Amino acid sequence: MKIWQLAVICIISVLVVLSPAQERKIRWKKKIFKGPQAVEIFHSTILVNLPTTEVLQKKNLEFIVAHRFIPSLGEGIDALFGADGPAYMQLSLSYAPVTNLMVALERSNRENHYQLWVKYKFWEKGSGEIPMAAALKAGAGVAAEDPALSGRSRFQARNWQYFAIVPVNLKLMPNLMAGVVPGFLYNSYIYSASPQTSITLGATVEYFVTSSMGIYAEVNSVVRGYRSDGATAFAVGFETETGGHFFKIFLTNSTRINSAQYLAGVDRRIEAFSDLHLGFTITRLLRFGEKW
Amino acid sequence: MAPKIIKRIGWLFGVWVFLGLAANSLAVEWQVDLTKPRVAKFISRAPLEEFEGITEDIDGYLYWEDDSLFKNNEFYFEVNLNTLDTGIGLRNRHMRERYLETDKWPVASYQGKIVDVAKRDSAGRMVYEVQTQGTFSVHGVERDVEVSGTLEMLEAGVMRIKAAFQIELPDYNIKIPQVMFFKLNKVIKIRVMFHLKRVDGE
């Protein structure tokens, strides 16, 4: 074997080791993942009575227990400032069948009121200096009181109320959220001679002291149409969140507990701080995901 | 003399290129099919509280060198932690900002090799039970882990991967929330399912 032939064999051997095949040509390219898609402003689906633009995650179920104590703070320590009751209470079960849409069924012991509604977050803007979102909450409720008490059948047309609310929420600062909440209510007072309507305007604000605790306030006023009293409904309170729970406690001048009742106004004007009522809301989120 | 050397060099170059192309033509690459179902679940089971963080933001590849299945293989898969959803906005935000610190480390990744394969037939489909060794990375910490899973050949050029393993949060310097209720187990189970499509020859 000639020297050059030996050299060729050696060189080929080296080249085989160094051949292009050894440099793995992986075509996959790392992508730049985008940040969170959903705009999260208020953390819960309701503040006190006014809705936020938050909706449940798809296939989630939310159970809510809410109380508005009828005795006012002025009842004093002997009645635990009204917390001894009695109370208007509401049970609510909501579910998100698809992304950005939730449906809920609620029952309040005030007028034996059943309510069914849907909320759809139809717009959100996460980019820019002020993230914002808008939703539509619309539904129907019926005051299905005992005919022996109301003098009419449970489900007659005048017992039904219909409403639509359009919360628009803004994240003004990382810890400061605000919302404007216009609403419309049909058949505001079920015992009036003819159906009444109410156009309302509400506002919400919440400041998160920490990422799991916030203080908030909301107001809602009937700007046109029927209102049960001249006063504006308002509430101020505190909330904390742990895992799947929200716990909210607040003071309010309204014991009305669902949208159809709340949009029509408050029961009575308050004259002093001691006329306010205690209330609380506890939510529990349950998840039903696909098995695979 | 000079033309002869040039001729030999040219011949050598040709052999080199041929070897390279021949070997590369046998390389097989699969990438995560972003059009098919995919999910990564991070599951915590703690007293009074169980939750899952779910995302479908999975990407990556599986590569081997020739048609001898899995020869000299390697893979890399990553999950976008910014889209991990536990069902509650606040909890998502807590998880991202307080615990996973996704602004610094936005992805969890697993990079490694298939080290053992057992083939079986399942209802007419070829299923490979695989053992892998590699490096799992999250929160800026890398740990060697071993993960077992299945590769299921669904149709030509499409396979489905399922795998499950668990990590301990302290191993990755991730704090365990201790507020009000103990709600996060230090052991997190991770389950993934996604599809791969063959991309070589495209």
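**Exercise 1. Follow the strands β7, β8 and β9 of chain B. What joins β8(B) to strand β9, and how do the two run?**

Step 1. Start with β8(B) and strand β9 (residues 158-168) of chain B: seven bridges join them, and they run antiparallel. Keep in mind that you're looking at a predicted model.

Step 2. Pick out one pair of residues. B:S148 sits opposite B:A164 in β9(B).

Step 3. Now check the turn. The hairpin of β8(B) and β9(B) has two residues between the strands, and B:G157 takes a positive phi near 80° there.

Step 4. Go back along the chain to strand β7 (residues 125-138) of chain B. Here 12 bridges link β7 to strand β8 (residues 141-155), again in an antiparallel arrangement. B:S137 faces B:E142 in β8(B).

Step 5. The hairpin of β7(B) and β8(B) has two residues between the strands too, and in this one B:H139 has a positive phi near 55°.

**Exercise 2. Zoom out to chain B. How many helices and strands does it have?**

Step 1. Count the elements: chain B has two helices and 10 strands.

Step 2. Put them in order. Along the sequence you get α-β-β-β-β-β-α-β-β-β-β-β.

Step 3. Look at burial: 32% of the 202 residues in chain B count as buried.

Step 4. Take the contacts between residues at least 6 apart in sequence. In chain B, 56% of these join residues at least 24 apart.

**Exercise 3. Find the largest nonpolar core. Which residues have the most contacts inside it?**

Step 1. Recall a general idea: in soluble globular proteins, nonpolar side chains tend to be buried together.

Step 2. The largest nonpolar core has 34 residues, and B:I58, B:I190 and B:L196 have the most contacts inside it.

Step 3. Ask who contributes. Strand β10 (residues 187-198) of chain B gives the largest share of this core, five residues.

Step 4. Another core lies apart from this one; it has 31 residues, among them A:F42, A:V55, A:A96 and A:L170.

Step 5. Back in chain B, list what B:L196 touches beyond four places in sequence: B:W30, B:Q31, B:V32, B:D33, B:L62, B:M159 and B:I161.

**Exercise 4. Now take A:A96. Why does A:A96 count as buried?**

Step 1. Locate the residue: A:A96 is in strand β2 (residues 87-98) of chain A.

Step 2. Apply the cut-off. A residue is buried if 20 or more other C-beta atoms lie within 10 Å of its own. A:A96 has 21 C-beta neighbours inside 10 Å, so A:A96 counts as buried.

Step 3. Find its contacts. Leaving out residues up to four places away in sequence, A:A96 touches several residues, including A:V55, A:Q57 and A:M102.

Step 4. Compare sequence and space: A:A96 and A:Q57 are 39 residues apart along the chain, and their C-alpha atoms are separated by 6.3 Å.

**Exercise 5. Look at strand β6 (residues 160-165) of chain A. Which side chains are buried?**

Step 1. Walk along the strand and you'll see the side chains alternate. A:Q161, A:F163 and A:I165 point to one face and are buried, while A:W160, A:Y162 and A:A164 point to the other and are not.

Step 2. Look for a partner strand. Six bridges join β6(A) to strand β5 (residues 132-143) of chain A, and the two run antiparallel. In this pairing, A:A140 stands opposite A:Y162.

Step 3. Then look at strand β8 (residues 176-186) of chain A, which is joined to β6(A) by four bridges and also runs antiparallel. The bridge partner of A:F163 in β8(A) is A:L185.

Note on methods. Residues numbered from 1 in each chain as written. Chains lettered and ligands numbered in written order. Predicted model: local features only at pLDDT ≥ 70, side-chain atom pairs only at ≥ 80, totals over all residues. Buried ≥ 20, exposed ≤ 12 C-beta atoms within 10 Å, placed from the backbone. Contact = placed C-beta atoms within 7 Å. Core = buried A, V, L, I, M, F, W, Y, C linked by C-beta atoms within 7 Å. Pairing = 2+ DSSP bridges.
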